[in-house]
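Colleague: Please take me through this chain, beginning with its charges and then turning to its cores and salt bridges.

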Amino acid sequence: MEVVKYPEKEDWARLLERPDLDYSALYGTVEQVLKEIKAEGDEAVIRYSEKFDKVKLSSIQVSDAEMEHVSIDESLKNAINLAADNIYKFHKAQEFKGETIETSPGVKCWQKAVAIEKVGLYIPGGTAPLFSTVLMLGIPAKIAGCREIILCTPPDKNGSIHPAILYAAAKVGVTKLFKVGGIQAIGAMAYGTESVPKVYKIFGPGNQYVTAAKQIVSLKDVAIDMPAGPSEVEVIADASSNPDFIASDLLSQAEHGATSQVVMVTDDASIISPVQKALEAQLKVLPREEMARKAIANSRIILVKDQEEVIEITNAYAPEHLIISTDSYAKIADRVINAGSVFLGQYTPESAGDYASGTNHTLPTNGYATAYSGVNLDSYVKKITFQEISPEGLQIIGPAIETMAENEELFAHKNAVTLRLKEIGK
């Protein structure tokens with residue numbers, strides 16, 4: 001990792017840049033695949049599954065028989081069950097509790113949360129089968145009351161889905177599950193095919209082709225959870241931090257892929273060398289060492305002047321994951337305004353949020369934490385507003401409506417109130 005000491009504030013933006021990922025070069029391919037899926041449905045999905053995933057499918061839907069004969073290790077089953085329970089508890093507590101507000105006498109307004117009827121979950125299966133993401137996306141969908149929960153994930157070369165993904169899908173109540181990955185999965189859920197229902201919103205991470213496909217279909221065909229990019233983490237450290245813990249947290253994101261980015265920010269130079277030594281020692285024994293090293297090459301350790309600059313540069317970076325591994329973590333956390341998910345203290349690793357603490361791991365990346373939340377229960381609902389006005393209430397606010405409408409030169413708006421006030425006054 002590059003070490004940058006006491007950078008001037010005018011250099012921060014350059015230092016905090018993510019790896020440059022330009023998806024525009026992919027758009028031609030992605031748009032052509034999407035066009036064919038929209039026109040040809042299942043036939044195009046099967047054709048592109050053979051081309052991209054090297055698997056010839058006669059049917060893209062996972063059968064009841066496949067779901068019934070799932071077998072996974074008992075310890076993994078217990079781990080998934082524990083994680084599912086915690087994720088359920090955390091998201092269940094987010095349920096909307098609306099109340100009726102009387103904004104003026106006789107003027108009542110309220111909201112009702114309504115589940116999005118049809119949602120699509122995309123679960124990557126390339127470098128790792130992300131069965132944990134099934135829990136993160138499926139559990140809040142079920143709590144919200146989504147009527148159809150469609151899941152797409154790429155099969156292996158034998159046309160099979162990883163059994164842990166199948167177990168997790170059954171656990172969360174997925175309605176239909178399909179052996180479809182990549183662009184073709186996003187297109188199938190966005191447009192609908194003979195087998196795959198069209199959904200109203202698509203959730204889930206993916207590679208650059210999936211990301212580009214989500215961006216394109218979101219322009220006019222379907223909503224998506226959020227803009228997505230490679231994984232990232234920032235660790236705030238000081239002399240009290242455990243260098244082995246910090247190295248493990250940095251590498252837990254670096255092993256996601258070569259384009260992942262990890263950053264350490266500190267105002268104490270003494271922690272830098274121990275972290276560097278711990279990184280090298282842990283890298284050597286990682287099965288995904290080569291991939292992690294490429295990510296580390298895109299990453300930095302930044303030494304700043306004081307805690308004030310630590311906070312300021314952190315909010316400027318807006319990390320997907322933020323680990324505050326210092327004695328004063330509560331004080332720093334109170335001033336964090338831009339981050340996807342925050343992990344406090346020495347014994348709260350980022351991987352806890354990825355799996356089993358209960359929080360959601362589908363989070364905004366690439367600086368989008370300045371404006372986006374991670375996936376939560378609200379991601380699966382719409383809030384519909386209602387209002388009810390009595391004759392007395394309209395008499396109170398009606399003149400203001402008339403005046404505002406007239407000054408905006410919208411006289412039909414004004415007349416809708418004027419006619420009612422005349423009727424009330426008879």
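Colleague: How many positive and negative side chains does the chain have, and how far apart do the centres of the two sets lie?

Modeller: Lys and Arg count as positive and Asp and Glu as negative, while His and the chain ends are not counted. Each charge is placed at NZ of Lys, CZ of Arg, CG of Asp or CD of Glu. On that basis the chain has 42 positive and 57 negative side chains, with centres 5 Å apart.

Colleague: On what basis should these values be read, and what is the source of the coordinates?

Modeller: Residues are numbered from 1 along each chain as its sequence is written, and side-chain values use heavy atoms, without hydrogens and water. Local features need pLDDT of at least 70 and side-chain atom pairs count only at pLDDT 80 or more, whereas totals for chains, interfaces and linings use all residues, and the source is a predicted model.

Colleague: Which helix supplies the largest share of the largest nonpolar core?

Modeller: A nonpolar core is a set of buried Ala, Val, Leu, Ile, Met, Phe, Trp, Tyr and Cys residues joined through side-chain atoms within 4.5 Å; buried means under 20% relative accessible area, exposed over 50%, and partly exposed in between (1.4 Å probe, protein chains only). The largest such core has 39 residues, and Val119, Leu135 and Tyr380 have the most contacts inside it. Among the elements that each supply at least two of its residues are helix H5 (74-92), strand S4 (118-122) and helix H6 (131-144), where helices (H or I, at least four residues) and strands (E, at least two) are DSSP runs numbered from the N terminus. The largest share, nine residues, comes from H6.

Colleague: In the salt bridge between Glu66 and Lys179, is Lys179 buried or exposed?

Modeller: A salt bridge requires a side-chain nitrogen of Lys or Arg within 4 Å of a carboxyl oxygen of Asp or Glu, and Glu66 and Lys179 meet at 2.8 Å, N to O. The pair links distant parts of the chain, 113 residues apart, with Glu66 in helix H4 and Lys179 in the loop between strand S6 and helix H8. Glu66 is partly exposed because its relative accessibility is 28%. Lys179 has a relative accessibility of 8%, so Lys179 counts as buried.

Colleague: Where do Arg293 and Glu289 lie?

Modeller: Their side chains form a salt bridge of 2.8 Å, N to O. The two residues are four apart, about one turn of the helix, and both lie in helix H12 (residues 289-297).
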